[in-house]
Structures are given as structure tokens and as C-alpha cells.
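Visitor: I have a model open in front of me. Can you show me how to read its features one by one?

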Amino acid sequence: MIEREHAPPEINTNVPSVARVYDHFLGGKDNYAADREVVAEVIKAMPPGWRPSTSALDNRAFLRRAVRYLVREGVRQFLDIGSGLPTQGNVHQVAQAAHPDCRVVYVDNDPIVLVHARALLARDPGTTVITADVRRPSEILDDPVVRDFIDFERPVGLLLVGILHHILDHEDPRGIARRLVAGVPPGSHLVISHFRDPGPEHPEESALAARRERIFTERLGVGRWRTQEEIVSFFGDLELVEPGVVPLQEWRPEPFDLIDKHEIYHTFVGGVGRKR
Ligand code: SAM
């Protein structure tokens, strides 16, 4: 745990942040009391015995499988937007384990990510990190560090993992994804994971999604559990890779992966699209 007095001056420890709340869900140590209060509130709203790390760990495992898939498809450079605080199995570690030439640009708008990512990444010439806001996608594509690091003539792995549900409807998450995809060449891939409202098919999970949406909106300003159709639409005219947009654990599980259909299994989905 970071002691309050050691927090870098640009970090406001009194206001919870998405990156630090997520870090606490993952069992990390880079969070503060305000962040832990949000997690405590979510736990209170969930059924007894619910394990708060379930969805976050599902999401990280999905991300790792998707990155390995992209490397198998020939992708060697990644733009990881909304990358979050460094954790176990960061994108560059997963990608470079699959192919040593892989390069990763980490992008996040939370200053705490920059501080921690710099400390971790300083040792790795195949990675860099910038602070930028996905709501201004052109600025990310035009950023000189990004342009220096990524060869836009070659396929790019665009990672929007666990971020678009933190974008409000009127901020146009679909348009953001479209703009980013327009900036990368054919053979590039878009990876999205997103909170989902499973609707009447899973009424109990839908009710739990609504509770979490209320807490996220009140405490973090945004957290949208969108419908399957809305999430699929973020892929635009990309070719959706099998099995499509599905609960995270169902996206190309690896041998020996056990499916654990926990209380909110259907409320977090992921998928991968390929630019033709
Ligand atoms: N991608 C990682 C993963 O899936 O494990 C981290 C996901 S975390 C839930 C969402 C991240 O998106 C946070 O680090 C947060 O700071 C970042 N984020 C939220 N809104 C953003 C924005 N408008 N621009 C850039 N990053 C943003």
C-alpha cells in the first residue's frame, strides 16, 4: 500500500480513480482509502460470499489470451489504451514471451499509471507510456511518441480492454473505436472487453449489473453496463473473430482453463475484431 505522504503531488488521493479501484479489485497495493471504499460499497451490494476479484481476474486472463492470439496472427506492436496500473502479466510481458520483438505503447489518462508504468518500464526498451485521453483518439494516433514507436504501415493490436464502459454514451464510444481503427492498417486487430447488461435472459445478473452501475456512476462518474448489441457495434465493420463477443471466460479458453460460472459471469464480455 502506498502511504499517503508518499503519494506523488499530481495524485489526488481523496477522490477514487478507476485505475486504483481496479487495482484494489485485482488485489494490488497501489490504491488509497477512497478507492477501497468504492470496492467495499460494491461488495455490500452483491450477494454474500461474492469474490470481488472474479471479474477483474477474468478480464486479465482474457487480455492475456487475446494478446497471445494477436501475436500468433502476426501482430508485433500494441497500443494498449486504458492500460491501468502495472500488474501481473502486463501486455509487453505476455507479448514478448510469445515473440521477443513485440513493442507496446501504454496509454492512460490517470497520472498514477504514468508514475508506476515509468518505474516498471524504464528497464524495457520495447515499451513506452504516455498520458492521453481515449476521448481524443486523434491525439493518441498523432502523438509523436506513439508515431515514433509504432510503425503504422504494419498491423497494430489496438487494446480497449475494460475502458469503453468508462466512456459515457454522449462521449461516443463507438465513434472513438471507429476513429482508432481508421488509423491502423489492414491486418490490425481491435480487442474490447466491456461490462454487459445481460437483460431478461439472466434477470438476477441484470439486477446486479444495475446495482453496480449505480455505484460506479455515483462514485466514479461512469460505469456503463451496455447491451450485447451496443458492444458488438463498437467493432463496426471489422471481421469478428470466433467465438464473437462472449463472456470473458468463453473467449478461446486454453487447455486446462476451468469455466467458473460465478454470480456475474454474463455481465462482462470480450471479443476481437480484425481489420480486413
Ligand atoms: N486495460 C486494463 C485491464 O483491462 O486490465 C485496465 C482496465 S481499468 C478497468 C480502466 C483503465 O482505463 C484505468 O486505468 C483508467 O484510468 C483508464 N481510463 C478511463 N478513462 C480513460 C480515458 N478517458 N482515457 C484514457 N484512459 C482512461
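Guide: Start with the shell around the ligand. Its largest share comes from helix H1, with three residues. Keep in mind that this is a predicted model.

Visitor: Which residues come nearest to the ligand?

Guide: The shell has 19 residues, and Tyr22, Arg60, Gly82, Asp108 and Asp133 come nearest.

Visitor: Which ligand atoms pair with the side chains of asparagine 59, aspartate 108 and aspartate 133?

Guide: Look for short distances between N or O atoms. For asparagine 59, a side-chain N or O atom is 2.8 Å from an oxygen atom of the ligand. For aspartate 108, the partner is also an oxygen atom of the ligand, at 2.6 Å. Aspartate 133 places a polar side-chain atom 2.8 Å from a ligand nitrogen atom.

Visitor: How much of the ligand does the protein bury?

Guide: The size of an interface is often given as the accessible area lost when the parts come together. Here the ligand alone exposes 600 Å², and the protein buries 96% of that. Two elements give two or more residues to the shell: helix H1 (18-25) and H3.

Visitor: Now the interior. What should I look for?

Guide: In soluble globular proteins, nonpolar side chains tend to be buried together. The largest nonpolar core in this model has 46 residues. Val67, Phe78 and Leu159 have the most contacts inside it. Helix H3, residues 54-72, gives the most to this core, with eight residues. Both domain 1 (4-45) and domain 2 (55-274) supply at least three residues each.

Visitor: What does leucine 159 touch?

Guide: Leave out residues up to four places away in sequence. Leucine 159 then touches Leu63, Val67, Leu70, Phe78, Leu79, Asp80, Ile81, Val91 and Val191. There is also a second, separate core of 32 residues, including Leu79, Ile150, Phe152 and Ala177.

Visitor: How do the domains sit relative to each other?

Guide: Check the distance between centres, then the contacts. The protein is divided into domain 1 (4-45) and domain 2 (55-274). Their C-alpha centres lie 21 Å apart. At the junction, 21 residues of domain 1 are in contact with 20 residues of domain 2.

Visitor: Is serine 55 buried or exposed?

Guide: Compare its relative accessibility with the cut-off. Buried means under 20%. Serine 55 is at 11%, so it counts as buried. Serine 55 lies in helix H3. Beyond its neighbours within four places in sequence, serine 55 is in contact with Leu248, His262, Ile264 and Phe268.

Visitor: And valine 104: buried or exposed?

Guide: Use the cut-off again. Valine 104 counts as buried because its relative accessibility is 0%. Valine 104 lies in strand E2, residues 103-108. Outside the four-place window in sequence, valine 104 is in contact with Phe78, Asp80, Val91, His92, Gly126, Thr127, Thr128 and Phe149.

Visitor: How far is valine 104 from proline 125?

Guide: Give both distances, along the chain and through space. Valine 104 and proline 125 are 21 residues apart in sequence, and their C-alpha atoms are 9.7 Å apart.

Visitor: Last one. Which residues of helix H8 are buried?

Guide: List the buried residues, then ask what covers them. In helix H8 (residues 173-182), the buried residues are Pro173, Gly175, Ile176, Ala177, Leu180 and Val181. Their cover includes strand E1 (77-81), helix H6 (137-142), strand E4 (157-161) and strand E5 (189-195). Ala177 also belongs to the second core.

Terms used
Residues numbered from 1 in each chain as written. Predicted model: local features only at pLDDT ≥ 70, side-chain atom pairs only at ≥ 80, totals over all residues. Heavy atoms only, no water. Core = buried A, V, L, I, M, F, W, Y, C linked by side-chain atoms within 4.5 Å. Buried < 20%, exposed > 50% of the residue type's maximum accessible area, 1.4 Å probe, protein only. Helix = DSSP H or I, 4+ residues; strand = E, 2+ residues; numbered from the N terminus. Domains from an automatic or database assignment. Contact = heavy atoms within 4.5 Å. Near = heavy atom within 4 Å. Polar contact = N/O pair within 3.5 Å; in protein donor to acceptor, adjacent residues only side chain to side chain. Areas by Shrake-Rupley, 256 points an atom, 1.4 Å probe, with all protein chains shown as cover.
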